[in-house]
Amino acid sequence: MSWKETYQKWNQFSGLEAELKQELTALAADDKAAEDAFYKELEFGTGGMRGEIGVGTNRMNVYTVRKASQGFADFIKAEGAEAVAQGIVIAHDSRHYSPEFALEAAKTLASNGIKAYLFDGLRPTPELSFAVRELRAAGGIVITASHNPPEYNGYKVYGNDGGQLPPKEADDLVSYVDQVADELAIELEAEEVLRANGLIVRVGEQLDDAYQEQLKTIRVLPTIQDELTAPLKIVFTPLHGTGLVPVTVGLKNYGFEHVTVVEEQAKPDGAFPTVSSPNPEEHAAFTLAIEYGNRVDADVLLATDPDADRVGVATRDANGEWVVLTGNQTGALLLDYILSQKASQGTLPKNGFVAKTIVTSELGTLIARHYDLHVENTLTGFKFIGEKIKQYNASGEYKYLFGYEESYGYLIGDFCRDKDAVQACLLAAEMVAYHKKEGRTLYEALQAIYEQFGYFEESLRSLTLKGKDGVEQIGRIMDTFREHPPKQVAGEKVVLFEDYDASIAHDLIQHKPSPINLPKSNVLKFTLEDGSWFCLRPSGTEPKIKFYFSVTSPDAAETSRKRQMIEDEVMQEVEQIQ
């Protein structure tokens with residue numbers, strides 16, 4: 001069916017919601033916009049779906065949400081009566097239409113006889129992961145587009161372990177969603193009937209309390225609480241998202257008395273009016289927090305994204321100026337703090353393991369190996385870290401200690417199986433308090449790590465390429481680098497070319513291919529003779545292609561110079577391809 005035929009089918013659907021009908025009518029005067037809204041179905045991938053809100057098969061709306069939920073219902077029913085009885089937990093963030101989409105998901109599941117545990121208000125993604133485990137549910141759904149701009153929303157699916165579905169199960173789910181022929185033909189029971197029959201169940205405060213109790217268990221130094229926490233001054237912003245209540249309650253439970261919330265960003269608001277992007281990876285998101293930090297003479301600034309699974313941390317540098325740490329830097333600091341303190345207390349397990357992604361700095365590897373710990377490198381996506389936790393918990397081979405990715409995602413306690421900014425906020429505050437007691441700032445603690453293990457510098461560049469043309473451009477960039485890999489970059493030979501889609505690592509010195517024992521993924525990674533590397537990866541959730549760069553050397557200035565040279569040369573090549 002052509003996009004014009006699909007458009008007409010929607011246009012002739014008498015039950016179309018009034019607001020969407022208005023949007024559909026407006027598209028009649030804009031063929032390009034209409035084509036983009038209908039030329040394909042919004043892709044339901046291995047982690048769910050994400051897209052712009054609006055009318056059309058390629059948009060987030062009640063009908064595409066119903067289709068995804070019907071596919072998930074069919075997937076659960078295929079697992080058997082026990083999974084149906086266990087039910088699905090559903091949460092949502094502060095984005096536009098998130099409550100409505102969460103309710104549509106609950107009604108769709110419940111209309112299929114599957115119990116839906118629906119949170120009574122917005123909650124962070126990590127609490128959804130926790131709730132799935134706490135309620136022993138068959139899975140979970142969270143309506144969120146994480147840190148995307150306001151015009152986006154999304155739909156993420158979780159398995160019964162509280163983690164996002166691993167590849168095989170995710171592929172099975174995708175096939176069920178694809179089999180739902182007509183999103184406009186899905187009929188639902190009335191909400192009141194479903195609630196009366198016990199198929200939609202409200203959950204909230206009891207799970208909040210249980211989650212907060214678990215948060216207390218991740219403390220590294222619980223015995224000297226008041227000495228560390230009382231004097232610390234913290235500025236926190238939830239960036240109009242879900243983090244306000246769980247983070248401030250958690251900090252209070254940890255004994256932190258001087259927590260200042262950025263008032264202008266405290267209220268949940270899907271328009272995110274005070275920031276251009278509600279993403280703590282963007283330094284501009286810290287503008288108001290820095291103003292507050294100067295006003296109250298804060299020790300640390302913390303910012304969580306809308307669904308509170310990512311956190312950014314800012315500290316003062318040697319000149320007293322605020323600097324927003326990268327995800328790699330915060331991850332290295334947290335890892336070093338956890339391992340060093342456990343080692344000094346004699347509680348560091350000999351079979352401990354640390355997990356990180358292939359695009360995350362190797363600094364974490366050096367820190368972990370300093371303590372003779374196993375390091376697990378996974379594909380990008382926290383579900384792969386969650387999968388390793390599940391695997392090693394079952395086998396007993398390794399004990400989980402910490403997992404992180406460069407994109408500001410961290411997990412300390414495995415009572416959740418996705419990245420958890422609430423956990424990270426609490427442990428980051430404890431870590432800052434510890435270093436302050438020892439007479440150093442977080443920035444100085446970072447410099448000490450560099451002095452011990454070498455200076456690392458990473459950067460991330462991304463190109464947003466929307467629509468059909470953008471998809472083609474991204475494909476052309478990946479094809480060019482895959483078929484014609486560079487032999488030299490910034491004066492350094494390329495010694496290793498890893499194609500994660502082909503599952504082959506090419507040794508370009510000895511000309512020997514070797515297998516990559518990870519699931520296939522459209523990722524290319526190039527390692528240079530001096531150990532520097534860069535990586536290309538199309539985003540699975542946004543119309544973007546991302547470019548990762550990592551350089552290390554014994555000297556800070558040289559590391560920065562080399563990183564800039566490599567980045568400039570690679571991006572110039574990308575421009576020529578475009």
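Which residues are buried in H15? The exercises below concern a predicted model.

**Exercise 1. Determine which residues of H15 are buried, and state what they pack against.**

Solution.
- Step 1. Helix H15 spans residues 363-370.
- Step 2. A residue counts as buried under 20% relative accessible area. In H15, the buried residues are Leu363, Gly364, Thr365, Ile367 and Ala368.
- Step 3. These buried residues pack against helix H14 and strands E12, E13 and E14. Their partners also include helix H18 (442-453) and strand E16 (455-464).
- Step 4. H15 lies across E12, E13 and E14, and runs at about 155° to E13.
- Step 5. Just after the helix, Asp372 adopts a positive phi of about 60°.

**Exercise 2. Establish the strand order of the sheet that contains E12, and explain what sets its edge strands apart.**

Solution.
- Step 1. The sheet is open and consists of four strands, ordered E13-E12-E14-E15, with mixed pairing.
- Step 2. The edges are occupied by strand E13 (374-378) and strand E15 (409-411). Each has a single partner strand, so one side of each is left without a neighbour in the sheet.
- Step 3. On average, neighbouring strands of this sheet are turned by 15° against each other, direction ignored.
- Step 4. In general, the strands of a sheet pair through backbone hydrogen bonds, in either a parallel or an antiparallel manner.
- Step 5. Strand E12 (residues 352-357) and E13 run parallel and are joined by five bridges. Within this region, Thr357 stands opposite Thr378 in E13.
- Step 6. Helix H14 (residues 327-345) packs on the sheet and touches E12, E15 and strand E14 (399-405). The direction of H14 makes about 160° with that of E14.

**Exercise 3. Describe the length and burial of helix H6, then examine the surroundings of Leu109.**

Solution.
- Step 1. H6 covers residues 98-111, which amounts to 14 residues. From its first C-alpha to its last, H6 reaches 20 Å, close to the 20 Å expected at 1.5 Å a residue.
- Step 2. The helix is mostly covered, with 10 of its 14 residues buried. Among them are Phe101, Glu104, Lys107 and Leu109.
- Step 3. Leu109 belongs to helix H6. Its relative accessibility is 0%, and therefore Leu109 counts as buried.
- Step 4. With neighbours within four places in sequence left aside, Leu109 is in contact with Ser69, Phe72, Ala73, Ile88, Ile90, Ile114 and Ile141.
- Step 5. One of these partners, Phe72, is 37 residues from Leu109 in sequence. In space, the C-alpha atoms of Leu109 and Phe72 are 7.9 Å apart.
- Step 6. Just after H6, Gly113 takes a positive phi of about 85°.

**Exercise 4. Assess whether the radius of gyration of the protein agrees with that of a compact globule, and characterise the overall fold.**

Solution.
- Step 1. For 578 residues, a compact globule would have a radius of gyration near 25 Å. The protein has 24 Å, which agrees with that expectation.
- Step 2. Along the principal axes, its C-alpha atoms fill a box of roughly 65 × 55 × 50 Å.
- Step 3. The secondary structure comprises 20 helices and 23 strands.
- Step 4. Of the 578 residues, 57% are buried.
- Step 5. Among contacts with a separation of 6 or more, 70% involve residues 24 or more positions apart.
- Step 6. The protein exposes about 23200 Å², of which carbon and sulfur atoms supply 47%.

Key
Residues numbered from 1 in each chain as written. Predicted model: local features only at pLDDT ≥ 70, side-chain atom pairs only at ≥ 80, totals over all residues. Heavy atoms only, no water. Pairing = 2+ DSSP bridges. Helix = DSSP H or I, 4+ residues; strand = E, 2+ residues; numbered from the N terminus. Axes fitted to C-alpha atoms, helices over the stretch in contact; angles between N-to-C directions. Contact = heavy atoms within 4.5 Å. Expected span 1.5 Å × (residues − 1). Buried < 20%, exposed > 50% of the residue type's maximum accessible area, 1.4 Å probe, protein only. Rg over C-alpha atoms; globule rule 2.2 N^0.38 Å. Areas by Shrake-Rupley, 256 points an atom, 1.4 Å probe, with all protein chains shown as cover.
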